[in-house]
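Hello,

Here is the structure I promised to pass on. Please open it alongside this message, and my notes follow below.

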Amino acid sequence: MYLLHFFTIFICVDSSLTKALNAVVILADDGGFEMGTYRNKICQTPNLDKLAKESLIFNKAFTSVSSCSPSRAALLTGMPSHQNGMYGLHQGVHNFNSFNKVKSITKILKDQGIRTGIIGKKHVGPENVYPFDYAETEENNSIFQVGRNITHIKLLTRTFLNTSDPFFLYIAFHDPHRCGHTNPEYGEFCQRFGNGEPGMGYIPDWQPIIYQPDELELPYFIPNTWEARKDVANQYTTISRLDQGVGLIIEELKNSGHYDNTLIIYSSDNGIPFPNGRTNMYDSGIQEPLFISSPLHKERRGQVTNSLTSLLDIVPTLLDWYGIKGETNSVEEFDHLYGRSLLPLLVKEPDDTSKEVIFGSYNLHEITMYYPMRMVRTQRYKLIHNINYYSPFPIDQDLYLSPTFQDILNKTRTNENTFWYKTLQEYYKRPEWELYDLKYDPEELNNIAKKSSQQQIFNELKEKLHKWQKETQDPWICSPHAVLEDEGSFKHNPQCLDLINI
């Protein structure tokens, strides 16, 4: 458990005048490491790379849950999905919401008199938990316009920035999310939307970049097939559109005079929408790009940190940035947060990162995809608990229709080589416990949970995970082999009562 500690900060202009502090969080939608900053030599992202050079770059940042609404709720509350109540997707038939008692960062900031704004994909609820003073989202606009039309996003940003300090602005792109499932006319990743072709509309500030499938460098978890390469090439086109949008946002901050007193955080909600990516607890599903640019902390600009970081740390970081402190031992305030402020990392790398630990909690994505998982990760080891391991691992709708997954399915049916590093049955059928030594097995293929030589680390991690579940009041803490009884005669002595179902 991280202690919520704060780092006092001041900003001085002309040695005498004090300016209020602002923050902008920019979030990609299913974005990954497709940028030069993370050594991708093909995908062109000059604006993200420029921002990264003015930031501390995080090499080991992870979402606590690899699913759209749950990850956004966790990022905005600092609480894992099982604690904030956003168990799965928010929209449509899925209909998940955070608990009414939860205080998100936007609610906290509004209560402190800080103006809040959101542009783009909100994807969380209810409104009373996630209130914004200024909101241009899918709830009152076309998600294509507020999430992918970078000219429109630029103008909305300009409107919001025409305000006094302090403020918090959350810009959530819809790129590079797939859209072949809902709007196939725009292409698999909406790479044709706004490109000026007949029926596609036109985005004035966007200069589309077309990538050649045979020139790509594929991540280890994507099959080396022509279908997958075309899929990734289309993804790259929308990554470059997002990148150009980020450049426009930075220009708006500079032109409005806010750049020199604004903290900028860039990241993504979850892993990329490919097999072994989004909805998984493997690193390919939870590891995220993250860089933080601070006008107050220039000591480590352009440097890299290998400190183990969770997106649950974003709320404590913002509270620290604005100098907001909770009352000691007050459940109504911030003592429930298990993250840490990342601002000290902008000054100095920790002397010892070997004891760092992060946690993950996934329950559902779509309403039919019940596959709760819990995860604990250290610098070297990862333990995953697949609670519903009796069931095959579920596949979401847009991934199922993707060219990459359809190619795997078709080749599996005909017993052809899928050129994937797993078989489909290995992907579906997972044991209850998975333990990986990431030093020697970064691709997480060799499960050592049952090796006698690894029982000490297995039990240590299992104990850490159970302790975290208890501290965060996880309803799944006893699953799947026992029932949690915590009411009536068990109210003051909660117990896991055995089901004898092994």
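Are tyrosine 87 and tryptophan 476 buried or exposed? Both tyrosine 87 and tryptophan 476 are buried. Before going further, please keep in mind that this is a predicted model.

**Aromatic pairs**

A search of the whole structure turns up 24 aromatic pairs. One of them joins tyrosine 87 to phenylalanine 99 in an edge-to-face arrangement, with 6.3 Å centre to centre and 80 degrees between the planes. Tyrosine 87 and phenylalanine 99 are each in the loop between α3 (81-84) and α4 (105-111), so their pairing ties together parts that are 12 residues apart in sequence. With a relative accessible area of 19%, tyrosine 87 is buried, whereas phenylalanine 99 is partly exposed at 33%. The cut-off matters for tyrosine 87, because buried means under 20% relative accessible area.

Tyrosine 87 also pairs with tryptophan 476: the ring centres are 5.3 Å apart and the planes are at 85 degrees, so this pair is edge-to-face as well. Here the reach along the chain is 389 residues, because tyrosine 87 lies in the loop between α3 and α4 while tryptophan 476 lies in the loop between α13 (455-471) and β16 (482-485).

Elsewhere, one aromatic cluster is formed by Tyr220, Phe221, Tyr371, Phe393, Trp420, Tyr421 and Tyr427.

**Charges over rings**

There are two contacts to look at here. Arginine 178 places its charged end over the ring of phenylalanine 274, 4.6 Å from the ring centre. Lysine 254 lies over the face of tyrosine 259, and the distance to that ring centre is 5.0 Å.

**The largest pocket**

The largest pocket holds about 1000 Å³ of space. It is lined by 33 residues, and those closest to its centre are Phe33, Tyr38, Tyr220, Phe221 and Gln287. You will recognise Tyr220 and Phe221 from the aromatic cluster. Two or more lining residues come from each of β4 (56-62), α7 (226-255) and α8 (283-286). Sorted by class, the lining has 13 nonpolar, 11 polar and 9 charged residues.

**Cysteines**

How many disulfides does a search of the whole structure find? It finds 2. In sequence order, the bonded cysteines of the protein chain pair as 1-2, 3-4.

One disulfide joins cysteine 179 to cysteine 190, with an S to S distance of 2.1 Å. The torsion about its S-S bond is about 120 degrees, so this disulfide is right-handed. Cysteine 179 and cysteine 190 both lie in the loop between β7 (167-172) and α7, so the bond ties together parts that are 11 residues apart in sequence. Cysteine 179 and cysteine 190 are both buried.

The other joins cysteine 478 to cysteine 496, at 1.9 Å from S to S. Its torsion is about -70 degrees, so this disulfide is left-handed. Cysteine 478 is in the loop between α13 and β16, cysteine 496 is in strand β17 (residues 495-498), and the two are 18 residues apart. Cysteine 478 is buried, with a relative accessible area of 8%, while cysteine 496 counts as partly exposed at 41%.

Why is cysteine 43 not bonded to the closest cysteine sulfur? The closest cysteine sulfur, in cysteine 190, is 17 Å from the sulfur of cysteine 43, which is too far for a bond. Cysteine 68 has a similar story: its closest cysteine sulfur is in cysteine 179, 14 Å away and too far for a bond. Cysteine 43 is buried at 4% relative accessibility, and cysteine 68 is buried at 3%.

**Helix α9**

Finally, have a look at helix α9 (residues 314-322). In α9, 9 of the 9 residues are buried, so the helix is largely enclosed by the rest of the structure. Among these buried residues are Pro316, Asp320, Trp321 and Tyr322. Glycine 323 follows α9 and has a positive phi, near 70 degrees.

Best wishes

Notes:
Residues numbered from 1 in each chain as written. Predicted model: local features only at pLDDT ≥ 70, side-chain atom pairs only at ≥ 80, totals over all residues. Heavy atoms only, no water. Phe/Tyr/Trp six-rings, centres within 6.5 Å; stacked < 30°, edge-to-face > 60°. Helix = DSSP H or I, 4+ residues; strand = E, 2+ residues; numbered from the N terminus. Buried < 20%, exposed > 50% of the residue type's maximum accessible area, 1.4 Å probe, protein only. Lys NZ or Arg CZ within 6 Å of the ring centre and 35° of its normal. 1 Å grid on protein atoms, 1.4 Å probe; cavity = no way out; pocket = protein on both sides within 12 Å on 5 of 7 lines; lining within 4 Å. Points joined across faces, edges and corners; volume = space filled by probe spheres on them. Nonpolar A, V, L, I, M, F, W, Y, C, P; charged D, E, K, R; others polar. Disulfide = S-S within 2.5 Å.
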